[in-house]
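Welcome, and please open the model in your viewer. We will go from stop to stop, with a selection to make at each one.

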Amino acid sequence: MSWVTKTLNSTLGRKLLMALTGLFLILFLVVHLAGNLQLLAGDGGEAFNIYAQGMAVNPLIRGVSIINFILILVHIVYAILLTQHNKKARPIEYAVTNPSANSSWASRNMGILGTVILIFLLVHLRGFWYRLKFGSPDKVNIDGVEYDNAFIIVEEAFKNPFYAGFYVLSMVFLAFHLYHGFGSAFQTIGLNHKKYSPLIKKVGIGFAILVPALFALIPIVLYIQSL
Ligand code: HEM
C-alpha cells in the first residue's frame, strides 16, 4: 500500500480530506453567494443572466465546477466513512455523558446537518442547475445578445412560499453545519494556536451566520417582490 493510500485510509487522513474539501466548499459558497446576490440587483435579472452565462461558457469555471462536484462527493463519502469508524470504535455509548458540557449541539449532529444539506442540494440542483444545463431555458435578449434566462427560473421558483421557506430553513441547517465545520477544519489542518484560535473561532461564527443569512435573503426578497 502506498503512503497516499495509507494516509487516506487512516482516521487522520480522512479527517484531513474532510477539512480540505470542506474549506474548498466554503470558498465555493462565497463565490456562489457573490454571484447570486446579483439576483437582488433590481434590474430584471440582467446582471445575473450575464454573470450566469459567463460562468457557463468559461472553460476554467467549467473545470472548477467538475472539481467542485468531485469534492462534494469526497466530502460526503468520507463523512460516512468517519461516522462508521467512530461507531465501530465505540459501539456502546458511555454510561455517563454530559454532551452539552463537552461539545456543541452542531458538533454532535454534523451527520444530521450534512444529510439535510445533501437533500437541499439535490432539490437545489434539480430545480436550478439541471434545468439550466439540461433543460431548455427561456432566452432573453440583452443589448442584442441572447442569454439563457436563469433569472426567471429562480424568480418563478421563489414565488412558491413552500419552496422559498424550504430554502430559508435549509440555510439555518447550513449555518449550524458551517459553525462547527469551519473551526473543526482549521483545527484538523493544525492551525491551533493560543493567539489565533479565538480569532478563527470568531471569524467562523461570523461566517456561519452571515453567509447563510445572505443566501436566505434571496428567496425572502424574491418571494416578497412576487406578492
Ligand atoms: C438562495 C440561494 C441560492 C440560489 C439562488 C442559487 C442559485 C443557483 C443557480 C441559479 C445555479 C445554476 C447556475 C450555476 O451553475 O451557477 C446554482 C448552482 C449550484 N448551487 Fe446554488 N444557489 C443558492 C444556494 C446554494 C447553496 C447554499 C449551495 C450549497 C450548499 C449551492 C450549491 C450549488 C452548486 C454545487 C451548484 C452547481 C454549481 C456548478 O455548476 O459548479 N447553492 N445555484
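**Stop one: helix 7 and helix 9**

Select helix 7 and helix 9, which pack at an angle of about 135 degrees with their axes 9 Å apart. Here an axis is a line fitted to C-alpha atoms, for helices over the stretch in contact, and angles run from 0 to 180 degrees between N-to-C directions. Helices (H or I, at least four residues) and strands (E, at least two) are DSSP runs, numbered from the N terminus. Helix 7 and helix 9 are therefore oblique to each other; angles under 35 degrees count as roughly parallel, over 145 as roughly antiparallel, 65 to 115 as roughly perpendicular, and the rest as oblique.

The two helices make a left-handed crossing. A crossing has that hand if the near helix is turned anticlockwise from the far one by less than a right angle, and is right-handed if clockwise.

Before going on, a word about what you are viewing. This is a predicted model, in which local features need pLDDT of at least 70 and side-chain atom pairs count only at pLDDT 80 or more, while totals for chains, interfaces and linings use all residues. Residues are numbered from 1 along each chain as its sequence is written.

Now show the side chains at this crossing. From helix 7 come Met-110, Leu-113, Gly-114, Val-116, Ile-117 and Phe-120, and they meet Ser-170, Phe-173, Leu-174, Phe-176, His-177 and His-180 of helix 9. Contact means that the C-beta atoms of two residues, placed from the backbone, lie within 7 Å. Colour this set by class and you get 8 nonpolar, 4 polar and no charged residues. In this scheme Ala, Val, Leu, Ile, Met, Phe, Trp, Tyr, Cys and Pro count as nonpolar, Asp, Glu, Lys and Arg as charged, and the others, Gly among them, as polar.

**Stop two: helix 2 against helix 9**

Keep helix 9 (residues 161-188) on screen and add helix 2 (residues 11-36): these pack at about 130 degrees, with axes 9 Å apart. That angle makes helix 2 oblique to helix 9. Helix 2 passes helix 9 in a left-handed crossing. To see the contact, pick Lys-15, Leu-16, Ala-19, Gly-22, Leu-23 and Ile-26 in helix 2, then Gly-181, Phe-182, Ala-185 and Thr-188 in helix 9. The residues of this contact divide into 6 nonpolar, 3 polar and 1 charged.

**Stop three: the ligand**

Centre the view on the ligand. Which residues are closest to it? They are Ser-65, Phe-128, Trp-129, Phe-215 and Ile-218, out of 21 residues that surround the ligand; a residue belongs here if its C-beta atom, placed from the backbone, lies within 6 Å of the molecule. Two or more residues of the shell come from each of helix 2, helix 3 (46-57), helix 4 (59-89), helix 7 (110-134), helix 8 (150-157), helix 9 and helix 10 (197-226). Helix 7 gives the largest share, 7 residues. By class, the shell has 16 nonpolar, 5 polar and no charged residues.

From Phe-215, measure across to His-32: their C-alpha atoms are 9.4 Å apart, although 183 residues separate them in sequence. His-32 is in helix 2 and counts as partly exposed, with 15 C-beta neighbours inside 10 Å. A residue is buried if 20 or more other C-beta atoms, placed from the backbone, lie within 10 Å of its own, exposed if 12 or fewer, and partly exposed in between.

**Stop four: three exposed residues**

Go next to the loop between strand 1 (139-142) and strand 2 (145-148), where Asp-143 lies. Asp-143 has a positive phi of about 50 degrees although it is not a glycine. With 7 C-beta neighbours inside 10 Å, Asp-143 counts as exposed.

Ile-80, in helix 4, is exposed too, with 11 other C-beta atoms within 10 Å. Lys-202, in helix 10, counts as exposed with 11 C-beta neighbours inside 10 Å.

**Last stop: the whole chain**

Zoom out. The chain has 10 helices and 2 strands, running α-α-α-α-α-α-α-β-β-α-α-α from the N terminus. Its C-alpha atoms fill a box of roughly 65 × 45 × 35 Å along the principal axes. Buried residues make up 22% of the 227 in the chain. Of the contacts with a separation of 6 or more, 75% join residues 24 or more positions apart.
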